[in-house]
Structure formats: C-alpha cells, structure tokens
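This briefing goes through one structure by topic, for a reader who has the coordinates open. Please look at the chain below before reading on.

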Amino acid sequence: GEDGYDLWLRYRPVEAAKISDYKTRSSVIVTAKSPTLDAAASELQRGLGGMLGATPPNSSTIADGAIVLVTPADNRGFAIPADLDREGFVIKSTTLDGHPVTVIAGGSDVGVLYGAFRYLKLIQTGQTTAGLDIQDAPKLDLRVLDHWDNLDGHVERGYAGTSLWDWWRLPDLVDTRYTDYARANASIGINGAVLNNVNAKADSLTEPYLKKAAAIAETLRPYGMKIYLSARFSAPMELGGLKTADPEDPAVAAWWQMKANEIYSIIPDFGGFLVKANSEGQPGPGDYKRTHAQGANMLAKALKPHGGIVMWRAFVYSEHDATDRAKQAYLEFQPSDGQFADNVLVQIKNGAIDFQPREPFHPLFGAMPKTQQMMEFQITKEYLGFATHLAYLAPMWEEALQADTFAKGKGSTVANVIDGTLDGHKLTGMAGVANIGDDRNWTGSDFDQANWYAFGRFAWNPESKSADIATDWARMTWSNDPKVVATIVPMMMGSREAVVHYMTPLGLAHLMDTGHHYGPGPWVSELGRPEWNPAYYHKADANGIGFDRTKTGSNALAQYHPAAAKPWLDPKKTDERFLLWFHHVPWDFKMKSGRPLWDELVVTYSQGVDEVSAMRKTWAGLEGQIDAARFDAVTANLTIQEREAQWWRDACLTYFQSISKRPLPAGLTLPG
Ligand code: GCU
C-alpha cells in the first residue's frame, strides 16, 4: 500500500493516452560518467521507467528522442549559455548530430541533476515535453536544512520519529535511506544540511563523530549537498581543556583553527558552522563581554582558508530585559552592522519572537545593510499543531518574504534583502528547521511533506508563489486529476490561516501551553522566566488585551523603518491581523466588521473551528480518488485537528472571558 515513503517522487504511471508522446522524447539517456551525472541518469531512468512503463537505456551515442546530459566539460556541441550559473540548467528541445533530442545542460554536473528533476516534474505534473526551452538557476547560494537532531537520536521539536542519523552505527552502516533523503532534497534544490541540533554538544566535533559525519557527507555529495555542523561555542574548554572560550584569546582562536583543519582533513568539502550563542543558556562571546561579531569572525577566520562559512543565529532573548523580548535581537545585532566577516551570514527567524502562527517580519531585515542576512524558517510545526494539524506553511513564508522593509524605499522586500540584490551582497541563503525523522513517511504526516517541498522551492526562488508550489506538490503527491487538484490546493492555501484563527487570532501570540508547546495555555503563569509566561504576550486585563509596542509601550515599532512602521502606529488603521501584536486595545474597541473586539475575538476563534470542519468535509469528498491508506491517515489527522481546534477555541475564550467579563455574542456557546 501507499505509505508516503516516495514523497513527491512517486513516479506512478501517467495516463495511457500521454505515454507514447512522452516516450518519443525519452528514448535513451546519453551522458558522461561522474557520480552526479550517474545520479541524474539513474533518476531519469527511475522516473521515466515508473511513469512511462519502460526504462530508457543509457547510451553513449545520440539517437532520435534521446535525452542528452551535457556540461561545459562535455557539451557535445550544444551551446551552453556562458552566464549559466554553476547550479543552473537549460532544458532545450533541439537537434544534435542531425537527431531531434532534448538537451539537459548544466553549469556543472549538479546543474544537470537539477535539470533532470525539472524534466521529470514536467511529466509528473502533466505538462508537455515538446518544444522545451527552459533556463533556471537558484537565486540563493545556501539552501539548507537545519536538523535539530541530538546525538542520542532525539529530535528537538521533531514530530516524525527519531533522527535519520544513526550515530551509533555510523560510519560503518550508512543507511540507504540517506540516498533517498538526498534525492528528495536535490529534487527541490536543497544543497546543505546541518546535521546536529543548534543546542549543540561539543562531542559532535570530536574525531569519531567527524568520521560518522563524513560518511553522511559522502552519500549526499553526488546530490550536490554539503554538510554543516552546529558548533558549541565553549568547545575549546570542553574538548581542548582551555580555561576560556573568549574569542579574543589567541589560544582559543588557535584551537578553532586546529579544529577546522582537522574537520577539513576528514570532510574536504565541509560547509561550515551554525551557531546558537548566548541564547537560552547556550555559551557565547557575550560570556566574555564580546560581541556576536567578534565571536562569529573568530570562527569564520578558522574556516576561511578552507572555504567554509558561519551561519550565526540572531535568535537571542533574555530574562534580564523583561520589557519586550521582540526587541532584543535588534538591540544586540544592529549596532554590529558592517563588522561581520565576509564568510559570515546572520541567520534571522522570520519574526522577532519564535515561529508563531503569525508574526510581522523581523525588524532586523533590512536594518543591517552591510551584513549578509539569511532567513530561518521553521518547517517543523512547533507552534502550529506539530505533524498532526494540517497547516501548509508556504503562505506564511510568502507573507514574510514579500513584506516591505522600506529600507531603500518602497519595494525593499525581505526577499530582496536575503537574495542580496538590495544591498549588493554576494553570499546569500535560507535555512529551514527540518521536519524530517525516521517515520516511514519522513515528516509524520502526508501533508507535512508539502512544507519540506515548499521550503526547497522558496530557497531556490524566494519570489515563488505558494499557490503554484501547492499545485505542483498536489499533482506530484496526490493526483493530476483537475478535480482533485482544485480541491486540495484551496484547502492547503487556507489551512495556516485556520490555525491562526483557532490558536492566536488578531495578532495574539505565544498562548500555547508550556514545555511541549502543543495545546492552549494562556492562563499559565509563574514560569521561571517572565517572557515564558503567556500573559507577558497577551496582557489581557479588565480594560482590554494586546501588547502595546507603540511609544506608549515598548516602542518596538521604532525598530522598523518609519515607512514600514507607519501603517501599524494607529490601532484604528492597523491591519487587524497584527492588531494585538502592536496594540493594547479596549474590549469594546470597534473593529472593521462593526463588532466590538471581544465579539470579534469570539467570532474569529469560532471561524477557525469552522474552517477545520470544512477541511475535514472537503477531504471526505475525495474518498475513492486517493489511495485508501493515505486517505485514512489524513482523515484521522483532520478528525483530531477539528477536536483540538475546538479545544483551543474553548480554552482561550473561557480564559479571556474570565478577564473581559463579557457575554458571548448571541448564538455562540462555550461548553460548561
Ligand atoms: C524555540 C524552541 C527551542 C529551540 C529554539 C531555537 O525556542 O522551542 O527548542 O531551541 O527555538 O530556535 O534555538
């Protein structure tokens, strides 16, 4: 039966009517030998074999209908555009040696591999392979999955089983699944993986673990992927026996240089380090009164001779400034603009708090023009119902990427900050906190595969449209039947907004129960740190609800460019999706609907529940058009989600009602 293992690379037979047409242009595969070109050829064989019912043979001679794989090193007379990016490709219907062929040309071997996946996608999504003239290349350099995987196999915030990495038996046992992992990533252009959790153990930098990591790197290499490691800043003390990890201490710098040299002797194409420093108890340069730039640059210098890079995270907050957690990253990082080395990227979460169902864009974007900034999205849905609730995250990412920072006038979008075009940066990237584990279906649910897929597409091109991505994914994953696609895509597109509605509507955030972050807990109080308590965020009192981030409050709004902040200054004009993020407003504040805020809150929570009920019914209508195993699995999740949407609504409204002391609007009830 269907177990989801094949992801969007299912390659099931296409409609009989189309097969012979596709076949005429996929008769043989002509290519030179290299591990990456071999991967491209065998993927074409696998895909075409599955979809067209016959596996095209490999050949060294060009024939009618051949797919010819070429690179600048071996172009077979095909004129490869001189400006083709190393990872870019051209797919062209043309004539070579008098034969009609399809050329897949890459700027390098990996470009060919990406082109091969694109060719397969045409067939997977029911498009023609005649008259092709496609050229494409990734817009970002680093397209990286961050695995929050611990060395003991537990995945922090992982909801799809345990880690894929079998540290115990590596390097001797290299699970064949790593090849399928690499294929899936290459199919969407992901070219890097950070193997271990940002809350890193120094052990991952010891020789035995480096050898294990090297075995993974070897498997991923033909697929264009490099590996990276999260580095614990205090490793010189834990592993090197030094008394300090002060980045300005020459002995510390020397230790890291030695460690970098060792790493590259074991993993020659090692990508570099990801660092979480001075955040949630992790060590960092701040322990020695040094800046983030001083810490990052010291590591960057050690990696530089080997071509490695540092991804330095901006996710910092502390209990010592209890006024507004949303402000801290900007306060700590912005003054260091221009001080980071050229092989450092500052990796910034999409919003200033922490992967909430909705946050305005992070004020650091666009505020450090002399610094390479990369995006960090969270694919694993820590705050959106784990792998159980259906929430397609692409609309959230598109919203963040298309947000206007106004850093250089209108149109200075976050996408243009991170793609380097706004400030002329060379090194660019996007990271996604992976939702992958050893579950048979990889992501814990069928629909969460879409979030992995969508992340890859945005990392390839931050200007992508979430509806297009959903359409491609639905066709490849579920069916090319237009009715099925037209049912699934709108359901996906509305799903994240439904979660916002039943969890944290109108700009609310951080109402989840503590620790696990799954269910509602707006009433939770007296946690160890003030900024972990939900009341810190909702600030509900007898007068009203919401976080005043204007001048009369924390003034976090001042961290945005004035033109970006302007539409958020006045509660009456603020986009209601962000209202309570920026303002504390009275319970009877008049909303655009004409309703008082309290009523609007009730109605919006209820709307979220209704939206989930609608999703469940929509899905039920697909019975018989989807294989039973996956149909049932999704049905079960939607049943849970509907029940839990009600749980969120009822718990939050009951709690807030105990503060607002207002009746429910007519026609609505809460359970006893
Ligand atoms: C969240 C998450 C942590 C994680 C942290 C981070 O706070 O709950 O588990 O370590 O983000 O991004 O570093």
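Outside its neighbours within four places in sequence, Ala 245 is in contact with Phe 233, Ser 234, Pro 236, Met 237, Val 252 and Pro 283. The model is predicted. The points below start with Ala 245 and go on to the ligand shell, the strands, the domains and one helix.

**Ala 245**
- Ala 245 sits in the loop that runs between α6 (235-238) and α7 (250-266).
- Ala 245 counts as buried because 26 other C-beta atoms lie within 10 Å, where the cut-off for a buried residue is 20 or more.
- Ala 217 is 28 residues from Ala 245 along the chain, and their C-alpha atoms are separated by 28 Å.

**Ligand shell**
- The residues surrounding the ligand are Glu 156, Arg 157, Val 198, Asn 199, Lys 276, Glu 280, Phe 315, Asp 354 and Glu 382.
- Sorted by class, six residues of this shell are charged, two are nonpolar and one is polar.

**Strands β4, β5 and β6**
- Eight bridges pair β4 (residues 89-96) with β5 (residues 99-106) in the antiparallel sense.
- Within this pairing, Ile 91 is opposite Ile 104 in β5.
- The two strands β4 and β5 make a hairpin with two residues between them.
- Asp 97, in the turn of the hairpin, has a positive phi of about 50°.
- β4 also runs antiparallel to β6 (residues 133-136), to which four bridges join it.
- Val 90 is opposite Gln 135 in β6.
- In a regular strand, side chains alternate between the two faces of the sheet.

**Domains**
- The chain divides into domain 1 (16-135), domain 2 (142-477) and domain 3 (501-660).
- Between the C-alpha centres of domain 1 and domain 3 the distance is 48 Å.

**Helix α13**
- Helix α13 (residues 466-477) has 12 residues, and at 1.5 Å a residue these should span 16 Å.
- The end C-alpha atoms of α13 are 16 Å apart, so the expected span and the model agree.
- Nine of the 12 residues of α13 are buried, which leaves the helix mostly covered.
- The buried residues of α13 are Ser 466, Ile 469, Ala 470, Asp 472, Trp 473, Ala 474, Arg 475, Met 476 and Thr 477.
- These buried residues pack against α3 (109-124), α10 (394-401), α12 (449-460) and α14 (482-503).
- An α-helix has 3.6 residues a turn, so residues three or four places apart point the same way.

Note on methods. Residues numbered from 1 in each chain as written. Predicted model: local features only at pLDDT ≥ 70, side-chain atom pairs only at ≥ 80, totals over all residues. Contact = placed C-beta atoms within 7 Å. Near = placed C-beta within 6 Å. Nonpolar A, V, L, I, M, F, W, Y, C, P; charged D, E, K, R; others polar. Pairing = 2+ DSSP bridges. Domains from an automatic or database assignment. Expected span 1.5 Å × (residues − 1).
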